Amino acid sequence: MIIANKHLQFNLILCFLVLLYGVTSLHAQDGQGYQRVYLSGYDAANTVNWDFMMSEGRRSDEWTTIPVPSNWELQGFGNYNYGHDHDKEGATLGKEHGLYKHHFQVPHSWKGKSIHIVFDGAMTDTKVRINGKSAGDLHQGGFYRFKYDITNLLHYGKENLLEVDVAKHSANESVNQAEREADFWILGGIFRPVYLEVLPEQHFERIAIDAKADGAFTAQLSVNRMEPNTSCVVELYTLDGEKVGGTLAGEFKAGEPVLTLHGAFRDIRPWNPEKPQLYTVKFSLMRDNRRLYEKEERIGFRTVELRKNNGFYINGKKVVFKGVNRHSFWPETGRALSEENHLQDIRLIKEMNMNAVRMSHYPPDERFLELCDSLGLFVLDEVTGWQAAYDTIVGPKLIREAVLKDENHPSVVIWDHGNEGGWDFANEKWFHTYDIQKRPVIYPWLQRNGVDTYHYPSYNYGIQRLSKGQDVFMPTEFMHGLYDGGHGAGLDDFWSSYSTSPLFAGGFLWVFSDEAIVRTDKGNILDSDGNHAPDGILGPYREKEGSFYTIREIWSPVQVHPLVIDSLFDGKLSVKNTYLYTNLNQCTFSWSICTIDAWSDSKVLDSGTVIGPNLPPGESGTIALNLPAVLAHAELLTLTAKNAFGEEVCTWNWPIKRPQTVAENMLERIRQTGDLNDVNLSEKTEAVTAGVGPLHFDFNKKNGFLEKVTNAYGEVSFHGGPLAVGTGKEADEEVQWKIDNNGDFILQVKRSKYPELVQWKLTQSGLLNLKVSPLAASENELDYLGVSFNYPESLVRAVRWFGKGPYRVWKNRMKGAQVAVWQKDYNNTVTGESYDSLIYPEFKGYHADLYWMELQTAETPIRIFTETPGLFFRLFTPPTPRAVAGGVAPAFPEGDISFLHEIPAIGTKFKKAEKMGPSSQKGEIGSHKGDESYPISLWFDFRGE
């Protein structure tokens, strides 16, 4: 059994075995089982120091030590290069060699066994010597498992010397073009484990399994040496050790070292990502009823088909892949990863309601696939070739190594032959030669083999392509998420449109996380090579960006149909089951209704849980929540769906009361609890001042702008508005003011352009009201529409609000944000760039569906609430990224704080926003005389209480 699946046992025996003979092992009961003995550590968090010398660059020409596995750049050696450096004039390309030495003991008891040394990944050309003698041919290709039979090179019962020469730059130019001149960090070293396989003299060289969803079972078994009367017995067990079905057996024919064994197991449960059922299958190599060798494999039963002009089918079910591209990467260790790295990434992928991951752009660690098997993810496994191909000499070898390493993982359902031109079509046949499952082979970005995988389409892309074509379509890269663009922004439009096609098979977002690396040559800064590597839904340390939650809602396997909740809501929700294999009656739905006091947290009034309805995948139906009458007194309804394992799938919040009602309640409370004072009025040359008690407001006589605010604690620096933004900035204006019959101060501004009417009202309670009339003319190509004010950013400490949050929104990224009471401290995060202070949620930007907000400042709290439904508010302008590209820097209005009917969409690295679908278009508005539209109505509380 592979020790990577048994880390707990491994840790218990580690210390003892290291003391015993300097290596680690796991023995079968009778000594005839598969043994793996680690010479290195088994992951980046558990390393072993080897002797090391660098040929050039940092810390070169001196013998020292290095942890293995690792990338040497992260350990302070050699040169850093991003793949595009080969095109940069004057760039120094690292072509260093790393020389490794390691001494290890081999017990005398191993004599007579077969010993292999295995490298799971070394970048890139690797020469191996044992006790001064070559272990075999030079290996070329940086992301693949390779091995040598070193049985006859070892000194048994004595110390042995392993020497490894790893060249970062390959002698094979096609390897350099495929791997080294790519759009990712180019790293060097032995970055995956090195171990010995200790095997009986006769053993299986290969076990290839094809386990179908109906229990049909095929195994192709190869032995290293053929002996008469050799047979194989196959037994199947649950992970708890319970035997399943019968026993399969077959006999090797004389002179034929390969046996293909066919059979079937009864009463199995198939594997799928929603219920990743696994089994242990035990292969026993027998001769004359004596066991020679025993090997276990962990498998899942599942059937993969590509039905041309139809779709991908897994276990007879047409699937839609909801996926992401994932680099094997961690900022401090490069491509050398730990168990926790793999677990964290898979959990985050599944938390986004994804069911698939594409390996970009190389085969992953063995452990990552084991976890995808057990936790449940479809995997597209990729042979490297970023935009150039391996030749027909090294290519077939690397395809073989990729297939043989990963072939028995049920999670692996598709092979990717390179990326964006990184292939030689002549090499494709080797996938079909080696893979007994005959998984589909696709070409990411091509329309080939019956699948259209075009990268980064615009919304309307494709004459006879994608949703307008005749082939199964599945973009293997789309919604490029540079900085805060792409990913969630526009996804709802794409997904809704694509889902109407019966040929749609899903898609893969680019990319999972920002690939910013620790530069040990530059004081440990995080470097993303400009805009080449900051592409992720998550930051380099897996910080969640806003699109994380948008994707989670759009791809939720439980979809709640849009509805309006009010006090008369009967508790019935229309839902759709978009799972592939799961009935909704295996899910639970918990609800709560909350009340929200002004400027405070929510309070739960009642809650409950219901079991999901009997809805098979693809069906729609109703959930009845049986809500109590107290709903009429609440502000918020929350619903959370959990899957069969009790894990949260998605949470939705709905406001019960409209902003006008909430505002009226707040006003009434202030009237009942606050003091009333007469409003006084005075004039200066350029301003009119209205006051109530210690509050004083200066208004500009020419344009009606609020110019100065003073309260009992001093001056409040909120001023300079309402400035019309989006349209109508320059206008003829007439300003009038008075004390009305209620004793309130009224100032009106009549304008020739938007807004045609602005009215200030200062009430005797000290509250200041602003009404801005809606746009009366027709306008199009609007980025935003509303009014702005000024406030010094340096004085802001935090914001607390009732509305959508906690992340900012864009016009084409509204899902994922939920209405609730939120608070966040001031920060100046530049998404995908400010790695020295990457704080989420970002403070600055646009926010949706405002009810009320409290700006917490160094001066005094500034409280604002609105009667206007669907109002956006904007807090300052995020800094423009240094390496901006495409459509990822949307427009922001003048001023610091804005209240808006319209906000802009955001694009991607390669597309302007207007290419990304209906919700990404600029605003267009028109009106007719008699329309009863919604003005911007804001109440300002500067009392500082």
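The following questions and answers explain the terms applied to this predicted model and the values behind them.

The model is predicted, so local features need pLDDT of at least 70, side-chain atom pairs count only at pLDDT 80 or more, and totals for chains, interfaces and linings use all residues. Residues are numbered from 1 along each chain as its sequence is written, and side-chain values use heavy atoms, with hydrogens and water left out.

Q: What makes the chain as compact as a globular protein of its length?
A: The secondary structure of the chain comes to nine helices and 63 strands; helices (H or I, at least four residues) and strands (E, at least two) are DSSP runs, numbered from the N terminus. The radius of gyration is 33 Å, close to the 30 Å that the globule rule gives for 945 residues, so the chain is as compact as a globular protein of that length. That radius is taken over C-alpha atoms, and the rule is 2.2 Å times the number of residues to the power 0.38. Along its principal axes, the C-alpha trace spans about 110 × 65 × 55 Å.

Q: How much of the chain is called buried, and what does the word require?
A: Buried residues make up 61% of the 945 residues. The word requires under 20% relative accessible area, whereas exposed means over 50% and partly exposed lies in between (1.4 Å probe, protein chains only). The chain exposes about 35,600 Å², of which carbon and sulfur atoms supply 47%. These areas come from the Shrake-Rupley method with a 1.4 Å probe; for residues, only the protein chains shown count as cover.

Q: Why is Arg-465 called buried?
A: Its relative accessible area is 17%, so Arg-465 is buried. Arg-465 is found in the loop between β31 (451-452) and β32 (472-473). Not counting residues up to four places away in sequence, Arg-465 touches Trp-445, Gln-447, Asp-452 and Tyr-454; a contact means heavy atoms within 4.5 Å.

Q: Why is Asn-700 also called buried, and which residues does Asn-700 touch?
A: Asn-700 has a relative accessible area of 16% and is therefore buried. The residue belongs to strand β45 (residues 695-700). Leaving aside residues up to four places away in sequence, Asn-700 touches Glu-686, Phe-705, Glu-707 and Val-735. The C-alpha atoms of Asn-700 and Ala-687, 13 residues apart along the chain, are separated by 4.6 Å.

Q: What makes the link between Asn-700 and Lys-702 a polar contact?
A: The side chain of Asn-700 reaches the backbone nitrogen of Lys-702 at 2.7 Å. A polar contact is a pair of N or O atoms within 3.5 Å; within protein, one must be able to donate a hydrogen and the other to accept it, and residues adjacent in sequence count only if both atoms are side-chain atoms. The separation of 2.7 Å meets the limit of 3.5 Å.

Q: How do you know that β20 pairs with β17 and with β21?
A: Two strands pair if DSSP finds at least two bridges between them. Strand β17 (residues 230-238) and β20 pair in the antiparallel sense over nine bridges, with Phe-283 in β20 as the bridge partner of Val-234. β20 and strand β21 (residues 290-299) also pair in the antiparallel sense over nine bridges, and there Tyr-293 in β21 is the partner of Leu-285. β20 and β21 form a hairpin with two residues between them, and Asp-288 in the turn has a positive phi of about 55 degrees.

Q: What makes β20 a mostly covered strand?
A: Nine of the nine residues of β20 (residues 279-287) are buried. Both faces are covered, with Phe-283 among the buried residues on one side and Lys-282 among those on the other.

Q: Why does Cys-587 form no disulfide?
A: The sulfur of Cys-587 is 12 Å from the closest cysteine sulfur, in Cys-650, which is too far for a bond, because a disulfide is a pair of cysteine sulfur atoms within 2.5 Å. A search of the whole structure finds zero disulfides. Cys-587 is buried, with a relative accessible area of 1%.
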